[in-house]
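Dear colleague,

I am passing on a structure that you may wish to load alongside this message. Please have a look at it first; my notes on helix packing and on the sheet follow below.

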Amino acid sequence: MSRNPIAQALTQTDTLILDGALATELEARGCNLADALWSAKVLMENPELIYQVHHDYFAAGAHVAITASYQATPQGFAARGLDEAQALALITQSVQLAQRARDDYRASSASTAPLLVAGSVGPYGAFLANGAEYRGDYALPEEEMKAFHRPRVKALLEAGVDLLACETLPSFAEAQALVSLLAEFPASSAWFSFTLRDAEHISDGTPLSKVAELVHAAPQVVAMGINCVALESVTPALRSLQALCDKPLLVYPNSGEQYDASSKTWHSAPSGCTLYDKFAEWQQAGARLIGGCCRTTPQDIAAIAACCQLQ
């Protein structure tokens, strides 16, 4: 029987605040992430910076830290000459850094809020490092997809994450493979978070209704939602999901800027909209877990955490 840390945490607070971007903060602190390993590169080079970013998000009011393992896979690290044992040690370290930040924050603040560590499981498309996590235009046989994800999932769970964050998923077949893989770890639970083509479809074109059906039937998936999407896509997609899914909904979109996957650069958005501006609207549309993805900061998370305290 899997445990459900999300349901438990939501008995203590109406909205769970997730953290914001990790890579954005690492870049702001001097890291060059123009690299196929992205933020996972910093696990090799300067892990204390990752600890600091996690700590800053907890201090800003986040209830959940997402580990620096999005791009951390044995296959990705192998290209750097690391063997599987070394790769799995770095994935384990990604969990320990988040746990230490949580424990240090809790000790210094005497916080009684629920504080969780979610182990990031990025999609196969992230390993390809060509923007495929926004298209889902790749296919692997289910057993190969499970073999790709299994070592990282196992390492994250053995390191003691509270749950898995299967995130930025663009592909229905990949979500099916992950549901099947979770069954190999019956005590585990996960949230599933997807990228979108539009308010009714995930990136590979699968209708949200079909995705919600899969998630609804998967007892180990304890929350469902969207991440790494444009701010303006969020509310219509949440309303679609609200009608389809009775599990807690989550959303952690980008800051409002637009990403160019070919040049790996961001361009400012005309809307000037922020997480704070949309927070109440997303709550009304059913979101119970809210945070930020690319280009969001501890300041963004502090602003929405303050909203919660006022409610």
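In this model, which is predicted, helix H10 (residues 208–216) packs against helix H11 (residues 231–244) at an angle of about 45°, the two axes lying 10 Å apart. Because an angle of about 45° falls outside the ranges counted as roughly parallel, roughly antiparallel or roughly perpendicular, H10 is classed as oblique to H11. The crossing of H10 past H11 is right-handed. On the H10 side the contact is made by Leu208, Ser209 and Ala212, while H11 contributes Ala237, Ser240, Leu241 and Leu244; sorted by class, these residues comprise five nonpolar and two polar ones, with no charged residue in the contact.

Turning to the sheet, eight strands form an open arrangement in the order E1-E12-E9-E8-E5-E4-E3-E2, and the pairing is parallel. Strand E1 (16–17) and strand E2 (64–66) each have a single partner strand, so at these edges one side of each strand is left without a neighbour in the sheet. Within the sheet, strand E5 (residues 190–194) runs parallel to strand E8 (residues 221–227) and is joined to E8 by five bridges, and Ala190 has Val221 in E8 as its bridge partner.

Two helices that pack on this sheet may also be useful to you. Helix H8 (residues 142–158) touches strand E3 (116–121) and strand E4 (163–169), and its direction makes about 170° with that of E3. Helix H12 (residues 275–284) touches E1, strand E9 (249–252) and strand E12 (287–290), with a direction at about 140° to that of E12.

With best regards

Terms used: Residues numbered from 1 in each chain as written. Predicted model: local features only at pLDDT ≥ 70, side-chain atom pairs only at ≥ 80, totals over all residues. Heavy atoms only, no water. Pairing = 2+ DSSP bridges. Helix = DSSP H or I, 4+ residues; strand = E, 2+ residues; numbered from the N terminus. Contact = heavy atoms within 4.5 Å. Axes fitted to C-alpha atoms, helices over the stretch in contact; angles between N-to-C directions. Parallel < 35°, antiparallel > 145°, perpendicular 65-115°, else oblique. Left-handed = near helix turned anticlockwise from the far one by under 90°. Nonpolar A, V, L, I, M, F, W, Y, C, P; charged D, E, K, R; others polar.
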